[in-house]
Amino acid sequence: MNTTAEAIAVKPSNRTADDLVQDQSTATTVGEITSPNPRMRCREVNVWYDANHAIKNVSLDIGQNEVISMIGPSGCGKSTFLRCLNRMNDTIPAARVDGSIRLDDQEIQDNSIDVVPLRARVGMVFQKPNPFPKSIYENIAYGPRIHGLTNSRAELDELVHTSLQRAGLWNEVKDRIDAPGTSLSGGQQQRLCIARTLSVSPEVILMDEPCSALDPIATAIIEELIDELRQQYTIAIVTHSMQQAARVSQRTAYFHLGDLVEVGKTDVIFNRPQHKLTEDYITGRFG
Ligand SMILES: Nc1ncnc2c1ncn2[C@@H]1O[C@H](COP(=O)(O)OP(=O)(O)O)[C@@H](O)[C@H]1O
Ligand SMILES: [Mg+2]
């Protein structure tokens with residue numbers, strides 16, 4: 001994990017006004033929106049909820065084997081942007097999305113895209129763990145079954161096993177695999193939801209404040225898991241905790257009123273932000 005976590009307790013020091021982008025206009029994102037090895041490429045993405053312009057012309061790459069965190073004050077559009085990445089805004093009637101969002105070479109905004117396999121490739125973990133009202137086993141087996149990923153009960157058993165193992169939950173549940181998913185603790189339920197996402201072979205995993213309902217110990221376990229999963233997956237996480245962003249992510253994107261104000265390496269964002277709005281937020285003057 002990163003060592004920036006402690007560093008962010010220290011306010012950026014010795015910065016003069018001249019070092020910062022003061023311009024309140026956020027029409028252009030400060031920092032590096034591109035990634036050397038992009039999995040997802042968003043260009044000029046806009047989202048409206050009826051007349052509310054919630055995401056304004058956001059362009060951003062999300063790179064392979066990288067954790068990118070999305071931070072910013074409540075209501076700035078973090079969840080809205082995350083939902084663009086697997087077409088979850090389709091489920092909100094008032095939402096309208098335009099711009100280009102590519103997963104590898106595929107434009108996911110195309111009407112011809114089937115969102116069911118898309119959402120397996122780009123999985124999502126929510127703020128509140130939401131296991132199905134089914135057994136631990138069935139929570140994991142459900143996705144592979146509907147996507148036809150296995151050919152026999154033995155293969156399905158194996159996939160349930162490996163998914164739970166990857167999510168760091170197997171040892172805790174192997175003797176109670178038929179117990180209801182809801183009988184697990186909050187942190188275990190969240191790992192169950194992560195295992196469920198992993199079971200359908202995602203490439204990208206989106207997490208919207210995945211630890212905000214969890215205690216510090218459960219949070220630490222999930223953060224360690226995120227760090228491990230990075231080896232194999234591309235991860236975008238929304239968090240309201242700057243410490244968490246510093247601990248788990250390599251890149252950080254700062255949103256403000258629907259604008260992507262600044263994006264860059266996590267330690268740079270927290271220690272040497274270039275935009276005044278970013279500095280105000282990370283030093284606690286705003287938010
Ligand atoms: N389902 C929705 N319907 C209508 N407006 C929404 C919906 N979700 C979010 N919004 C609006 O979009 C803006 C961004 O919200 P959101 O993406 O939830 O921000 P964040 O996750 O950063 O708190 C806010 O103005 C919010 O009121
Ligand atoms: Mg949100």
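1. Two strands count as paired if DSSP finds at least two bridges between them. In this predicted model, strand β2 (residues 38–49) and strand β5 (residues 95–103) are joined by eight such bridges and run antiparallel. One residue of this pairing can be looked up directly: W48 has R96 in β5 as its bridge partner.

2. As an overview, the protein contains 11 helices and 11 strands. Of its 287 residues, 45% count as buried. Among the contacts with a separation of 6 or more, 72% are between residues 24 or more positions apart. The points below take the two sheets in turn, then a core, a ligand and two helices.

3. The sheet that holds β2 and β5 is open and has four strands, in the order β3-β2-β5-β6, with antiparallel pairing. Its edge strands are β3 (52–63) and β6 (106–107), each of which pairs on one side only.

4. On its other side, β2 is joined to β3, again antiparallel and by eight bridges. P38 has G63 in β3 as its bridge partner. How many residues lie between the strands in the hairpin of β2 and β3? There are two, and D50 in this hairpin takes a positive phi near 50°.

5. Another open sheet has seven strands and mixed pairing, in the order β1-β11-β10-β4-β9-β8-β7. β1 (30–31) and β7 (122–125) each have a single partner strand, so one side of each is left without a neighbour in the sheet. At the β1 edge, the partner is strand β11 (residues 259–265), and the two pair in the parallel sense over two bridges. Within this short pairing, V30 stands opposite E262 in β11.

6. Strand β9 (residues 234–238) deserves a separate look. Why is β9 described as largely enclosed by the rest of the structure? Five of its five residues are buried, which is the reason for that description. Burial applies to both faces of β9: T234, A236 and V238 are on one side, and I235 and I237 are on the other.

7. β9 has a parallel partner on each side in the strand order. Four bridges join it to strand β4 (residues 67–71), and the two run parallel. Here V67 stands opposite I235. The pairing of β9 with strand β8 (residues 204–208) is also in the parallel sense, over five bridges, and in this pair L206 stands opposite A236. β8 and β9 also belong to a right-handed β-α-β unit, with helix α8 (residues 216–229) as its helix.

8. The same strand leads to the nonpolar core. In soluble globular proteins, nonpolar side chains tend to be buried together. The largest nonpolar core here has 69 residues, and I235 and A236 touch the most other members. Which residues does I235 contact, leaving aside its neighbours within four places in sequence? They are V67, I205, M207, I226, L229 and R230. One of these, V67, is also the residue that stands opposite I235 in the pairing of β4 and β9.

9. Ligand 1 is surrounded by 13 residues, and the closest are Y49, A54, K78, S79 and T80. Two elements, β3 and α2 (78–84), give two or more residues to this shell. The largest share, three residues, comes from α2. By class, the shell has five nonpolar, seven polar and one charged residues.

10. Helix α4 (residues 136–146) has several buried residues: I136, N139, I140, A141, G143 and P144. What do the buried residues of α4 pack against? They pack against α3 (115–121), α5 (153–166), α6 (170–173) and α7 (186–198). After α4 comes G148, whose phi is positive, near 60°.

11. The last point concerns F270, which is in helix α10 (residues 266–271). Is F270 buried or exposed? A residue is buried if 20 or more other C-beta atoms lie within 10 Å of its own. F270 has 26 C-beta neighbours inside 10 Å and therefore counts as buried. F270 and Q243 are 27 residues apart in sequence, with their C-alpha atoms 9.7 Å apart in space.

Notes
Residues numbered from 1 in each chain as written. Chains lettered and ligands numbered in written order. Predicted model: local features only at pLDDT ≥ 70, side-chain atom pairs only at ≥ 80, totals over all residues. Core = buried A, V, L, I, M, F, W, Y, C linked by C-beta atoms within 7 Å. Buried ≥ 20, exposed ≤ 12 C-beta atoms within 10 Å, placed from the backbone. Contact = placed C-beta atoms within 7 Å. Near = placed C-beta within 6 Å. Nonpolar A, V, L, I, M, F, W, Y, C, P; charged D, E, K, R; others polar. Right-handed = clockwise from strand over helix to strand, strands pointing away.
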